[in-house]
Amino acid sequence: MDDGIRVGLLLVATPQLEDPNFKRTVVLVVEHDADGGTLGVVLNRPTEVPVDRILPPWAELVTGPPFVFQGGPVALDNALALARLPGDGEPLGWRGLDAAEVARVGLVDLDAPPSLLAAELLQLRVFAGYAGWSAGQLRKEVEEGAWYLVPAESGDVFAGDPSRLWQEVLRRQGGDLAFVSTFPDDPTLN
């Protein structure tokens, strides 16, 4: 049964989602199996930890803010990276997400020598942890109104200003979701 969730989609937190781990987040779905669960990476939570403090060999290859991003509340002591490559090959140390929405974006093997990918990389971002849902859990949260499911663009993963990503993704959807992009952080102050 197709639950509408697939690799390459974005989960955009609705204003009703108050969980501090996910409030106003944009999550890229990187793995999904309706029977096994879903893994995603929060794209808009940079930390103040420089990549060179955690993964010195990869630091000079990072795109945009040179900081580790908090990929989610699970396994914060583990790092993963997403990279965008040109062409159509699949070099050692990189596994494409196989999603048309984020063509040529994939997961990087951070245990591999950076030199394997250095010449190929267009963009790279490092994340601490990930977001995870058991089978059926995310579908239930979507049905309860916690998440919008929207198409991703490869540039979302490497947004130059991650603090604006939530608004920008909603705005480009048009209609009611574009209107939601103007929802204040605290509506009681409005």
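## The Gln 123 side chain and Arg 84

In this predicted model, the side chain of Gln 123 makes a polar contact with the side chain of Arg 84, at 2.8 Å. Arg 84 also appears among the residues that Gln 123 touches, together with Thr 63, Leu 82, Ala 83 and Phe 158, when residues up to four places away in sequence are not counted.

## Position and burial of Gln 123

Gln 123 belongs to strand β9, which covers residues 123-133. Its relative accessibility is 15%, and because buried means under 20%, Gln 123 counts as buried. Across the protein, buried residues make up 48% of the 190 residues.

## Overall fold and dimensions

The protein contains seven helices and 10 strands. Of its contacts with a separation of 6 or more, 66% are accounted for by residues 24 or more positions apart.

The radius of gyration is 16 Å, which agrees with the value near 16 Å that a compact globule of 190 residues would have. Taken along the principal axes, the box filled by the C-alpha atoms is roughly 50 × 40 × 30 Å.

## Surface and charge

The accessible surface of the protein comes to about 9,500 Å², and carbon and sulfur atoms hold 51% of that area. The protein has 14 positive and 28 negative charges, and the mean positions of these two sets are 5 Å apart.

Technical notes. Residues are numbered from 1 along each chain as its sequence is written. This is a predicted model: local features need pLDDT of at least 70, side-chain atom pairs count only at pLDDT 80 or more; totals for chains, interfaces and linings use all residues. Side-chain values use heavy atoms; hydrogens and water are left out. Helices (H or I, at least four residues) and strands (E, at least two) are DSSP runs, numbered from the N terminus. Buried means under 20% relative accessible area, exposed over 50%, partly exposed in between (1.4 Å probe, protein chains only). A polar contact is a pair of N or O atoms within 3.5 Å; within protein, one must be able to donate a hydrogen and the other to accept it, and residues adjacent in sequence count only if both atoms are side-chain atoms. Contact means heavy atoms within 4.5 Å. The radius of gyration is taken over C-alpha atoms; the globule rule is 2.2 Å times the number of residues to the power 0.38. Accessible areas come from the Shrake-Rupley method with a 1.4 Å probe; for residues, only the protein chains shown count as cover. Lys and Arg count as positive and Asp and Glu as negative; His and the chain ends are not counted. The place of a charge is taken as NZ of Lys, CZ of Arg, CG of Asp or CD of Glu.
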